[in-house]
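The exercises below are meant to be worked with the sequence and the model open side by side. Each begins with a task and is followed by a solution that proceeds step by step.

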Amino acid sequence: MSGRLSPRPGLDLTEGYHSPQVEVKNRLNTNESPYPPPEEFTQRLAQAVAGIEFNRYPDRGVLGLRSQLAEHHGVLPSQIFVANGSNEVLQSLFLAFGGPSRRVAVFEPTYALHSHIARVTSTEVEVGERDDRFAIPDAELARVVGTGAELVFFCSPNNPTGRVEDRDQVRSVVGAANQLVVVDEAYVQFADQDFFELFDEGSNVVLVRTFSKTLSFAAGRLGYCIAPSWVVAGLESVVLPYHLDSLKQAAAALLLEYLDEMVLRARSIVEQRKWLESSLDSLGLLRVDSSANFVLFNPGTDADLVWGELVARSVLVRNCSSWPRLQGWLRVTVGTVEENTAFIEALSEIIDAMGETT
Ligand SMILES: *Cc1c(COP(=O)(O)O)cnc(C)c1O
């Protein structure tokens, strides 16, 4: 074969997004819930699936699910857009409102997918820099927003730092003409603040949520956003027809009946996070105060080495150390009591052993 077609100009495929999936006992690397959905949900799902008319296309407007979500949030179904994971919500935002000749402002370090999807959709990225405590300096916020980027992205709580964004800072940029302010709230149920108060039909605010974390539904791929109706209409215009299959619509609608229970579970994960944080403190390690279901910490010595030693003890955490601005940092997802204990025991063993050899 000669002359293989290269991907379209401007598409940078060298930086695909991957989280290594290694076979270990304690998987604390992708911020999933350690618990499966309630057993009753799984049983009822089998019945719901049996009732699906598989020879028919799904409900194209996803009205049932959107109405349920709208009722939960006290908004209109026309202010809810649902997609295959919040990543597809983000991609749809870029397809509809980003793209060639458009720009997005992001504040690094943050969720890598934001700038990755920007690049895939040929949207230019204006990078703002957080300070060494991962907060956005006021002057940097003003500089980056002042470039006139059409999309301004925040992430609260931010991944991978766990910090919530500053309320006054986000509020200060809402309302500008010809701009959308997007807040990725994937971890919001683990925090004690959200940005819902900034949203109304007359605003330019988009709040992105997911079923992947609190709702124990990462395998199901479902996310949504709360946005003004005109934004939702824009998003609808770029997704494929029938993009949400009937299986997913049925499963998600059923899962929402267990929302209260799942939010209670999130509280117990927060309790476990506090235990992890104080255990890291006891080991004398630098860490960031988290409002999410993970903790960013700095093992103080060679992070790659510590990461490998953890894997050798069957604990997988996220190695952020090779990411720009995060050299020396690792991120651990809050798991079950057993997993968290296994992690802290392994880590303290590794740190002790390193202390002895130096
Ligand atoms: C995990 C995560 C998501 C979730 O993506 P899905 O496609 O819904 O699984 C979104 N945003 C951030 C910041 C995340 O960390």
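**Exercise 1. An open sheet, strand by strand**

Task: Determine in which sense E1 and strand E11 pair and over how many bridges, and then establish the order of the strands in the open sheet to which they belong.

Solution. In this predicted model, E1 and strand E11, which covers residues 315–319, pair in the parallel sense over three bridges. A pair of facing residues can be located here, since Asn-26 stands opposite Val-315 in E11.

The next step is to follow E11 to its other neighbour: two bridges join E11 to E12, and these strands run antiparallel. Arg-318 has Arg-331 in E12 as its bridge partner.

From E12 one proceeds to strand E10, residues 294–298, which pairs with E12 in the antiparallel sense over four bridges. Arg-331 appears again at this step, as the bridge partner of Leu-296.

Put together, the five strands form an open sheet in the order E1-E11-E12-E10-E9, with mixed pairing. Strand E1 (26–28) and strand E9 (286–287) stand at the edges with a single partner strand each, so one side of each is left without a neighbour in the sheet.

Finally, consider the side chains of strand E12, residues 330–333: Leu-330 and Val-332 point one way, Arg-331 and Thr-333 point the other way, and all are buried.

**Exercise 2. A strand with two partners**

Task: Describe the residues on the two faces of strand E8, and find which way strand E2 and strand E7 run relative to E8.

Solution. Begin with the faces of strand E8, residues 223–226, both of which are covered: Gly-223 and Cys-225 lie on one side, Tyr-224 and Ile-226 on the other, and all are buried.

Next, take the pairing with strand E2, residues 80–83, which four bridges join to E8 in an antiparallel arrangement. Within this pair, Phe-81 stands opposite Cys-225.

Then turn to strand E7, residues 205–210, which is likewise joined to E8 by four bridges and runs antiparallel to E8. Here Leu-207 stands opposite Ile-226.

**Exercise 3. An enclosed strand and the cis bond that follows**

Task: Establish how many residues of strand E3 are buried, and then identify the residues joined by a cis peptide bond with omega of about 0 degrees.

Solution. Strand E3 spans residues 103–108, and five of its six residues are buried, so E3 is largely enclosed by the rest of the structure. Six bridges join E3 to strand E4, residues 124–129, and the two run parallel. Within this pair Phe-107 stands opposite Gly-128 in E4.

The cis peptide bond in question joins Glu-108 and Pro-109. Pro-109 lies in the loop between E3 and helix H4 (112–120).

A further cis peptide bond, with omega of about 15 degrees, joins Asn-159 and Pro-160. Pro-160 is placed in the loop between strand E5 (151–155) and helix H6 (167–173).

**Exercise 4. Positive phi values in loops**

Task: Decide whether Val-62 is buried or exposed, and do likewise for Ser-122.

Solution. Val-62 is found in the loop between helix H1 (39–50) and H2, and its phi is near 50 degrees, a positive value in a residue other than glycine. The cut-off for burial is a relative accessible area under 20%, and at 4% Val-62 counts as buried.

Ser-122 lies in the loop between H4 and E4, and its phi, near 60 degrees, is again a positive value in a residue other than glycine. Its relative accessibility is 29%, and Ser-122 therefore counts as partly exposed.

Leu-63 lies in helix H2, residues 63–73, and is partly exposed with a relative accessible area of 48%. Leu-63 and Val-82 are 19 residues apart in sequence, while their C-alpha atoms are 9.8 Å apart in space.

**Exercise 5. The overall fold**

Task: Compare the radius of gyration of the protein with the globule rule, and state what share of its residues is buried.

Solution. The protein contains eleven helices and twelve strands. Its radius of gyration is 21 Å, close to the 21 Å that the globule rule gives for 358 residues, so the protein is as compact as a globular protein of that length. Buried residues make up 52% of the 358 residues. Among contacts between residues at least 6 apart in sequence, 73% join residues at least 24 apart.

Note on methods. Residues are numbered from 1 along each chain as its sequence is written. This is a predicted model: local features need pLDDT of at least 70, side-chain atom pairs count only at pLDDT 80 or more; totals for chains, interfaces and linings use all residues. Side-chain values use heavy atoms; hydrogens and water are left out. The radius of gyration is taken over C-alpha atoms; the globule rule is 2.2 Å times the number of residues to the power 0.38. Buried means under 20% relative accessible area, exposed over 50%, partly exposed in between (1.4 Å probe, protein chains only). Contact means heavy atoms within 4.5 Å. Two strands pair if DSSP finds at least two bridges between them.
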